[in-house]
Amino acid sequence: MPFRFSTLILSSFLELEAQVQSLLDATRVAIDLVNVRGDTIVARLQNIPARVTEVTEYGAHEGAARAIAIVSTMSGADYRQWASVFPEPGPRRNAFEELVEDLYYPADAIARDVSSEGVISNLFGEESD
């Protein structure tokens with residue numbers, strides 16, 4: 001009976017070790033993808049939401065810049081010094097939000113033109129541990 005018991009424990013330990021290694025491998029992929037900072041794996045994992053927010057904001061900026069460039073090219077107007085004004089809550093804001101929804105498909109085309117790998121590389125590519 002002791003032999004069988006130790007074999008079961010060893011088998012369970014090896015299975016648990018394999019699961020932990022898989023989690024560490026997945027963690028390293030996530031950490032490396034957004035180049036998070038921290039002295040420990042736990043600190044780096046805790047930093048992922050802040051880095052994802054940075055990537056999102058940078059990607060939104062890239063998409064907005066492309067959209068404005070398209071409008072500028074099509075209209076011939078120069079929007080480089082343009083100051084955006086968003087309507088206050090009310091009927092004008094509701095109309096604005098409806099226009100945003102109506103522009104989903106052109107925005108989707110712009111989003112496809114923005115490389116997520118490029119955004120991540122541009123934002124985090126120069127940083128290192």
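This briefing walks through the helices, surface, ring pairs and charged pairs of one protein chain. The model you are looking at is predicted. The protein chain has five helices and zero strands, so you will meet helices again and again below. Of its 129 residues, 14% count as buried.

**Overall layout**

- If you read along the sequence, the pattern of the protein chain is α-α-α-α-α.
- Helix 1 covers residues 2-34, and helix 2 covers residues 41-75.
- Further along the chain come helix 3, at 91-102, and helix 4, at residues 104-113.
- Take the contacts in the protein chain between residues at least 6 apart in sequence: 53% of these join residues at least 24 apart.
- For one pair to look up in the structure, try Ala-109 and Gly-63, which are 46 residues apart in sequence and 10.0 Å apart in space, going from C-alpha to C-alpha.
- Ala-109 sits in helix 4, and this residue is partly exposed because its relative accessible area is 36%, which falls between the limits of 20% and 50%.

**Surface and a nonpolar patch**

- The protein chain has an accessible surface of about 10,400 Å², and carbon and sulfur atoms account for 61% of that surface.
- Leu-10, Phe-13 and Leu-14 make up a nonpolar patch on the surface.
- Together, these three residues offer about 300 Å² of accessible area.
- Leu-10 has its place in helix 1.
- With 48% relative accessibility, Leu-10 counts as partly exposed, because exposed would need over 50%.

**A buried arginine**

- Arg-44 is part of helix 2.
- Is Arg-44 buried or exposed? Its relative accessibility is 17%, so Arg-44 counts as buried, the cut-off being under 20%.
- The side chain of Arg-44 reaches the backbone oxygen of Gly-38, at a distance of 2.9 Å.

**Aromatic pairs**

- A pair of aromatic rings is described by two things, the distance of the centres and the angle of the planes.
- The structure holds two aromatic pairs.
- In one of them, the ring centres of Phe-86 and Phe-96 are 5.6 Å apart and the planes stand at 80 degrees, so this pair is edge-to-face.
- Phe-86 lies in the loop between helix 2 and helix 3, while Phe-96 lies in helix 3, so the pair ties together parts that are 10 residues apart in sequence.
- Phe-86 counts as partly exposed at 49% relative accessibility, and Phe-96 counts as partly exposed at 25%.
- Tyr-104 and Tyr-105 also form an edge-to-face aromatic pair, with 5.2 Å from centre to centre and 85 degrees between the planes.
- Tyr-105 has 65% relative accessibility and therefore counts as exposed.

**Salt bridges**

- How many salt bridges does the structure hold? There are six, including the three described here.
- In helix 1, Arg-28 and Asp-25 lie three residues apart, which is about one turn of the helix.
- The side chains of Arg-28 and Asp-25 meet in a salt bridge of 4.0 Å, N to O.
- Arg-28 is partly exposed at 40% relative accessibility, and Asp-25 is partly exposed with a relative accessible area of 40%.
- In helix 2, Arg-66 and Glu-62 are four residues apart, again about one turn of the helix.
- Arg-66 and Glu-62 form a salt bridge whose closest N and O atoms are 3.2 Å apart.
- Arg-66 counts as partly exposed at 31% relative accessibility, as does Glu-62 at 23%.
- The side chains of Asp-78 and Arg-80 meet in a salt bridge too, at 3.3 Å from N to O.
- Asp-78 has a relative accessible area of 54% and so counts as exposed.
- Arg-80 is exposed as well, with 72% relative accessibility.

Key
Residues are numbered from 1 along each chain as its sequence is written. This is a predicted model: local features need pLDDT of at least 70, side-chain atom pairs count only at pLDDT 80 or more; totals for chains, interfaces and linings use all residues. Side-chain values use heavy atoms; hydrogens and water are left out. Helices (H or I, at least four residues) and strands (E, at least two) are DSSP runs, numbered from the N terminus. Buried means under 20% relative accessible area, exposed over 50%, partly exposed in between (1.4 Å probe, protein chains only). A polar contact is a pair of N or O atoms within 3.5 Å; within protein, one must be able to donate a hydrogen and the other to accept it, and residues adjacent in sequence count only if both atoms are side-chain atoms. Contact means heavy atoms within 4.5 Å. Accessible areas come from the Shrake-Rupley method with a 1.4 Å probe; for residues, only the protein chains shown count as cover. Patches are made of residues with over 30% relative accessible area and no salt bridge: like charges are joined within 9 Å, nonpolar side chains (Val, Leu, Ile, Met, Phe, Trp, Tyr) within 5 Å. Rings of Phe, Tyr and Trp (its six-membered ring) pair if their centres lie within 6.5 Å; planes under 30 degrees apart count as stacked, over 60 as edge-to-face and the rest as tilted.
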